[in-house]
Amino acid sequence: MSESHPNSGSSILVMDPDAIRRALRRIAHEIVERNPELAQVVLAGIPSRGNEIARRIAEAIASIGRIEVGLGVIDVAMHRDDVGTRTELPVVRASTLPLQLVNRTLIIVDDVLFTGRTVRAAMEAVTSFGRPAKIQLAVLVDRGHRELPIRADYVGKNLPTKENERVRLRLGNDEEGVWLVSEN
């Protein structure tokens, strides 16, 4: 893959649009294989890119399993453990999940898994909607550096990073892709 990125710093394109599509299709296949009761599955995206990734996975599951899985949004803004230390107030979006989560498998979907704190916040936010039978996690990129004992059940790409590197992701535009950016 070529090197390019619209932001500053040196960057390497690690996933182009085709690689993203293949990764999300593979995740969809894994979800179908591990969840025989697809009618009980709900994909809940974490805004904003997690929503788009969840939508794409749901489309792939529909084409594979010939069934539409539930889609939802789980906003983590007020459940983050750093909300009181931020200089700006978080943008709060509405969370939308099926009212009955009992006996359902909820799959939290995010773009990049890093420290695990966003996922922890998402699990906390889910509790206001009920108690699902199972919670799973799907991410497009796992970059490591966990601060909490959280791991993804479904990963599009494992991308080990250094402390001075960031993962940049763009979806749904002319420059869709995933870049590894060095911030010297």
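**Charged pairs and local backbone features**

Asp-153 is partly exposed, with a relative accessible area of 23%, in this model, which is predicted. Its salt-bridge partner is Arg-151, and the closest N and O atoms of the two residues are 3.7 Å apart. Arg-151 is itself classed as exposed, because its relative accessible area of 61% lies over the 50% that marks the exposed class. Elsewhere in the model, salt bridges that share partners bring Glu-52, Arg-55, Arg-56, Glu-59 and Glu-176 together into one network. When the whole structure is searched, 14 salt bridges are found, and several of them are described below together with the setting of the residues that form them. In general terms, side chains that carry opposite charges can pair when their charged atoms come close.

Of the residues in this network, Glu-176 can be described in some detail. The residue is placed in the loop between β7 (165-170) and β8 (177-182). With a relative accessible area of 15%, Glu-176 is buried, since that value falls under the 20% at which the buried class ends. The side chain of Glu-176 is joined to the side chain of Arg-56 by a polar contact of 2.9 Å, and the side chain of Glu-176 also reaches the backbone nitrogen of Gly-172, at 2.6 Å. If the neighbours within four places in sequence are set aside, the residues in contact with Glu-176 are Pro-17, Ile-20, Arg-56, Arg-170 and Leu-171. Arg-56 therefore appears in the description of Glu-176 both as a polar partner and as a contact under the distance rule of heavy atoms within 4.5 Å.

A salt bridge within one helix is found between the side chains of Arg-21 and Asp-18, with an N to O distance of 3.7 Å. Both residues belong to helix α1 (residues 17-34), where they are three residues apart, a spacing of about one turn of the helix. Neither end of this pair is classed as buried: Arg-21 is partly exposed, at a relative accessible area of 49%, and Asp-18 is likewise counted as partly exposed, at 41% relative accessibility.

A further salt bridge is formed where the side chains of Glu-147 and Arg-117 meet, at 2.7 Å from N to O. This pair links distant parts of the chain, as Glu-147 lies in the loop between β5 (134-142) and β6 (154-158), whereas Arg-117 lies in helix α3 (residues 117-126), with the two positions 30 residues apart in the numbering. Glu-147 has a relative accessible area of 48% and is partly exposed, and Arg-117, with a relative accessible area of 26%, is partly exposed as well.

The strand that precedes this loop contains Asp-142, which is placed in β5. Asp-142 is buried, with a relative accessible area of 10%. The side chain of Asp-142 takes part in a polar contact of 2.8 Å with the side chain of Arg-146 and reaches the backbone nitrogen of Gly-144 at 3.0 Å. Apart from neighbours within four places in sequence, Asp-142 is in contact with Leu-113, Val-155, Lys-157, Asn-158 and Leu-159. Arg-143 places its charged end over the ring of Phe-114, at a distance of 3.8 Å from the centre of that ring. Pairs between aromatic rings, by contrast, are absent under the rule applied, with a count of zero.

Several features of the backbone were also noted. His-145, in the loop between β5 and β6, has a phi near 70°, which is a positive value in a residue other than glycine; this residue is partly exposed, with a relative accessible area of 28%. A positive phi, near 65°, is also found for Asn-103, again a residue other than glycine. Asn-103 is located in the loop between β3 (70-73) and β4 (105-113) and, at 59% relative accessibility, counts as exposed. Finally, Pro-47 and Ser-48 are joined by a cis peptide bond, with omega at about 0°, and Ser-48 is found in the loop between β2 (41-45) and α2 (49-65).

Terms used: Residues numbered from 1 in each chain as written. Predicted model: local features only at pLDDT ≥ 70, side-chain atom pairs only at ≥ 80, totals over all residues. Heavy atoms only, no water. Salt bridge = Lys/Arg side-chain N within 4 Å of Asp/Glu carboxyl O. Helix = DSSP H or I, 4+ residues; strand = E, 2+ residues; numbered from the N terminus. Buried < 20%, exposed > 50% of the residue type's maximum accessible area, 1.4 Å probe, protein only. Polar contact = N/O pair within 3.5 Å; in protein donor to acceptor, adjacent residues only side chain to side chain. Phe/Tyr/Trp six-rings, centres within 6.5 Å; stacked < 30°, edge-to-face > 60°. Lys NZ or Arg CZ within 6 Å of the ring centre and 35° of its normal.
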